[in-house]
Amino acid sequence: MMMSTMGRGGARMAVAALALRSFSSATGGGAGAVGRQAALAGIASGGVQAPIAVGVWIRGMATTTGGDRTFATVTLAEQEQREEKKQPQMASGGGGGVNGDGNEDKEIVSYWDIPTRKIRKEDGTEWKWNSFMPWETYKADTSIDLKKHHKPSTMIDKIAYWTVKSLRWPTDLFFQRRYGCRAMMLETVAAVPGMVGGMLLHCKSLRRFEHSGGWIRTLLEEAENERMHLMTFMEVAQPKWYERALVITVQGIFFNAYFLGYVISPKFAHRMVGYLEEEAIHSYTEFLKELDKGNIENVPAPAIAIDYWRLPADATLKDVVEVVRADEAHHRDVNHLASDIHYQGHELRDTPAPLGYH
Ligand SMILES: [Fe+2]
Ligand SMILES: [Fe+2]
């Protein structure tokens, strides 16, 4: 009786070893996964013949599909993980082969097993945003001087200034005192210049085989920051259908106009954005006044804003508007500086960009 028990246990171990050895010559394309399940099923049922048969079948597959031969050196748990990852490859169909040089030619490629990290916040809770990461968040410098104004002196400055001022009139007329909606809509425009400027500097860097001085990244950072303003304000104001239509129209016109303006005169383009930012500071100051008066409800800050600006958990809309206004003041400085660099006859790359200036 004892001999019988030991004999059965020994047989099981031998079968398991045989089954695992079979994987070492099985393909990574999924045959290993199928074979392993079948082999384990055989072991569980106490059968002996079935796993051996499976092992032979796997060897047969290995000669036709090629594959991964490292299974014999990994643990069973690792095998499980690897085999699970390879499942989508099987689902996509096809197979590998041997090319003319005798090298293994992998025809099946799955991109679903690109490792993704689970990011956690400082308090240990899971990071729930995919669009930005904890290391991109910051505390806004709200002590920045909000009243700085570049006095237009040259003709280009004056054109830039009055272009912005003339755009203010229809904006005031359309939105009046709906500052939440106004902020959301204006951010759809404000996020364009940084991307256009960054893109043009990127292309210039490629064309001329030269460094950018950090200005590409600085302008793209501005565009991303403005887009985060939009992602925040759309949590507190939902656009109506005609507002969405307006955004599409304005974007179509503004993107192309700014592109052209930047190509012709970057000093004008940056100056104009500098003045746009001055107007944005004014708009957000009015927004804060309405919040203080109680005309706009000071609702809790959206979760995205709390994480992006590292605000306290009990932050409100007023806190959000204050940090957004500080951002606009930083954009104002960056763009007026960029224009000044051009005015002095330099390229932007000649002056290190104020990267990370928040
Ligand atoms: Fe903004
Ligand atoms: Fe801005």
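Reader: Hi! Is Glu 187 buried or exposed?

Author: Hello! Glu 187 is buried, with a relative accessible area of 2%. Please keep in mind that this is a predicted model.

Reader: Okay, and what does Glu 187 hold on to?

Author: Glu 187 is one of the residues that coordinate the iron ion (ligand 1). Glu 187 gives two OE donors, and the others are Glu 226 (OE), His 229 (ND1) and Glu 328 (OE). The distances run from 1.9 to 2.3 Å.

Reader: How are those donors spaced along the chain?

Author: They follow the pattern E-x38-E-x2-H-x98-E. Distant parts of the chain are linked here: Glu 187 sits in helix α6 (residues 179-208) and Glu 226 in helix α7 (residues 215-233), 39 residues apart.

Reader: What does Glu 226 bridge?

Author: Glu 226 bridges the iron ion (ligand 1) and the iron ion (ligand 2), which lie 3.8 Å apart. Glu 226 counts as buried because its relative accessible area is 0%, and buried means under 20%.

Reader: Nice! Which residues coordinate the iron ion (ligand 2)?

Author: Glu 226 (OE), Glu 328 (OE) and His 331 (ND1) do, along with Glu 277, which gives two OE donors. Here the range is 1.8 to 2.5 Å. In sequence, these donor residues are spaced E-x50-E-x50-E-x2-H.

Reader: Where is Glu 328, and how many residues apart are Glu 226 and Glu 328?

Author: Glu 328 is in helix α11 (residues 317-343), while Glu 226 is in helix α7, and they are 102 residues apart. Both of these glutamates, Glu 226 and Glu 328, are buried.

Reader: Changing topic: which residues make the nonpolar surface patch?

Author: Met 199, Phe 255, Phe 259, Leu 260, Val 263 and Ile 264 make it, and it covers about 550 Å². Helix α8 (residues 241-264) brings the largest share, five residues. Met 199 belongs to helix α6.

Reader: Why does Met 199 count as partly exposed?

Author: Because its relative accessibility is 32%, and partly exposed lies between the 20% limit for buried and the 50% limit for exposed.

Reader: Last thing, what is the mean pLDDT of the chain?

Author: The mean is 79, and 70% of the residues reach 70 or more. Among the elements, α11 has the highest mean pLDDT (98) and helix α3 (residues 49-65) the lowest (36).

Reader: Where does pLDDT stay under 50?

Author: Residues 1-77 are one such stretch, and the model has 75 contacts for them beyond four places in sequence. Over residues 88-95 the pLDDT is also below 50, with 14 contacts beyond near neighbours in sequence.

Conventions. Residues are numbered from 1 along each chain as its sequence is written. Chains are lettered from A and ligands numbered from 1 in the order in which they are written. This is a predicted model: local features need pLDDT of at least 70, side-chain atom pairs count only at pLDDT 80 or more; totals for chains, interfaces and linings use all residues. Side-chain values use heavy atoms; hydrogens and water are left out. Donors are N, O and S atoms within 2.8 Å of the metal (3.2 Å for Na, K and Ca); water is not among the atoms, so sites may look incomplete. Helices (H or I, at least four residues) and strands (E, at least two) are DSSP runs, numbered from the N terminus. Buried means under 20% relative accessible area, exposed over 50%, partly exposed in between (1.4 Å probe, protein chains only). Patches are made of residues with over 30% relative accessible area and no salt bridge: like charges are joined within 9 Å, nonpolar side chains (Val, Leu, Ile, Met, Phe, Trp, Tyr) within 5 Å. Accessible areas come from the Shrake-Rupley method with a 1.4 Å probe; for residues, only the protein chains shown count as cover. A salt bridge is a side-chain nitrogen of Lys or Arg within 4 Å of a carboxyl oxygen of Asp or Glu. pLDDT is the predictor's confidence in each residue, from 0 to 100. Contact means heavy atoms within 4.5 Å.
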